[in-house]
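Good morning, everyone, and thank you for making the time. Please take a moment with the sequence and the picture, and then I will go through a few parts of the structure one after another.

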Amino acid sequence: SLDVKSLLPQTSYPLATDDSATKVLDCAAIYIPEIDMPHIRLMTLTSINMGGGALTQMALMGNGWLTYSTRDDFFLAQPSSGWWMSRAQSEQTAIHHFSLTEAKYLSSALVPGHINDSFSMSFREGDLRVVTTSRVNSETAGFTSTNQLLVLRNDNSGGMEVRGAVREFATGERIFSARFFHDKAFVVTFR
């Protein structure tokens with residue numbers, strides 16, 4: 001049985017001379033994706049073997065609060081906009097893919113727009129399907145929006161390639177809901 005203390009984050013202090021401080025991660029277990037995003041933090045993924053085995057941890061230099069998970073895969077989405085968006089800022093979202101079976105970082109991708117919620121993502125047969133809404137700035141009309149459906153797959157070098165896309169649908173509207181069922185996507189938009 002696991003001790004609850006072993007699940008809590010721990011810190012190592014450089015001046016500690018006894019065994020009272022424990023390192024959270026080895027430096028080799030911290031991944032830095034090649035995506036330039038603001039609001040960087042250290043995100044830790046811990047795999048817990050419920051059969052009583054050891055914990056496996058890895059970390060990502062990034063930030064995100066939108067997650068999607070299957071039995072074997074975990075996705076963390078990190079929007080570029082934070083809480084405020086300026087007219088000069090490009091709206092995009094970094095998506096980070098992890099293996100839950102190995103607690104391992106697999107890949108990252110940068111997609112246009114923002115993801116509404118975890119239902120806007122789906123993973124099927126190695127493909128991540130995601131729908132996003134982009135706010136587009138027009139000098140004459142102000143902000144408007146457009147939507148896209150992207151199908152991404154790991155490219156085996158730390159990135160994801162776009163395998164298919166439906167771009168610029170429901171212009172002037174934003175995504176309120178999305179569901180994926182087998183090979184179909186159902187997207188609800190509204191002005």
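I would like to begin with R124, which is partly exposed, having a relative accessible area of 30%. Please keep in mind throughout that we are looking at a predicted model. R124 forms a salt bridge with E125, and the closest N and O atoms of that pair are 3.8 Å apart. E125 itself counts as exposed, because its relative accessibility of 64% is over the 50% cut-off.

How many salt bridges does a search of the whole structure find? The search gives 5. For those new to the subject, side chains of opposite charge can pair when their charged atoms come close.

Another of these pairs is R153 with D127, where the closest N and O atoms are 2.8 Å apart. R153 belongs to strand 10, residues 142-154, while D127 belongs to strand 9, residues 127-138, so this salt bridge ties together parts that are 26 residues apart in sequence. As for their surroundings, R153 is partly exposed at 27% relative accessible area, whereas D127 counts as buried at 14%.

A further salt bridge is formed by D183 and K184, with 3.8 Å between the closest N and O atoms. Here D183 is exposed, with a relative accessibility of 59%, and K184 is partly exposed, with a relative accessible area of 47%. Returning to the earlier pair, D127 and R153 are joined with R163 into one network by salt bridges that share partners.

Let me turn now from charged to nonpolar side chains. In soluble globular proteins, nonpolar side chains tend to be buried together. In this model the largest nonpolar core has 14 residues, and those with the most contacts inside it include I95, M121, V130 and L152. Which elements give two or more residues to this core? They are strand 4 (66-69), strand 5 (73-79), strand 7 (104-112), strand 9 and strand 10.

V130 is a good residue to look at more carefully, and if we leave aside its neighbours within four places in sequence, we find it in contact with I95, I115, M121, L152 and F180, among others. Apart from this core there lies another one, of 8 residues, and L60, L76, F98 and A103 are among them.

The next topic is a sheet. Four strands make up an open sheet, in the order 4-5-6-7, and their pairing is antiparallel. Strand 4 and strand 7 stand at the edges with a single partner strand each, so one side of each has no neighbour in the sheet. On average, and with direction ignored, neighbouring strands of this sheet are turned by 20° against each other. Within the sheet, strand 5 and strand 6, the latter covering residues 92-99, run antiparallel and are joined by 7 bridges. One position to find on the screen is P79, whose bridge partner in strand 6 is T93.

I will finish with N147, which has its place in strand 10. Is N147 buried or exposed? N147 is buried, because its relative accessible area of 0% is under the 20% cut-off. The side chains of N147 and T133 are joined by a polar contact of 2.6 Å, and the N147 side chain also reaches the backbone oxygen of A170 at 3.1 Å. Leaving aside neighbours within four places in sequence, the residues in contact with N147 include T132, V166, F169, E173, I175 and T189.

Thank you for listening, and I am happy to take questions.

Notes
Residues are numbered from 1 along each chain as its sequence is written. This is a predicted model: local features need pLDDT of at least 70, side-chain atom pairs count only at pLDDT 80 or more; totals for chains, interfaces and linings use all residues. Side-chain values use heavy atoms; hydrogens and water are left out. A salt bridge is a side-chain nitrogen of Lys or Arg within 4 Å of a carboxyl oxygen of Asp or Glu. Buried means under 20% relative accessible area, exposed over 50%, partly exposed in between (1.4 Å probe, protein chains only). A nonpolar core is a set of buried Ala, Val, Leu, Ile, Met, Phe, Trp, Tyr and Cys residues joined through side-chain atoms within 4.5 Å. Contact means heavy atoms within 4.5 Å. Two strands pair if DSSP finds at least two bridges between them. Axes are lines fitted to C-alpha atoms, for helices over the stretch in contact, and angles run from 0 to 180 degrees between N-to-C directions. A polar contact is a pair of N or O atoms within 3.5 Å; within protein, one must be able to donate a hydrogen and the other to accept it, and residues adjacent in sequence count only if both atoms are side-chain atoms.
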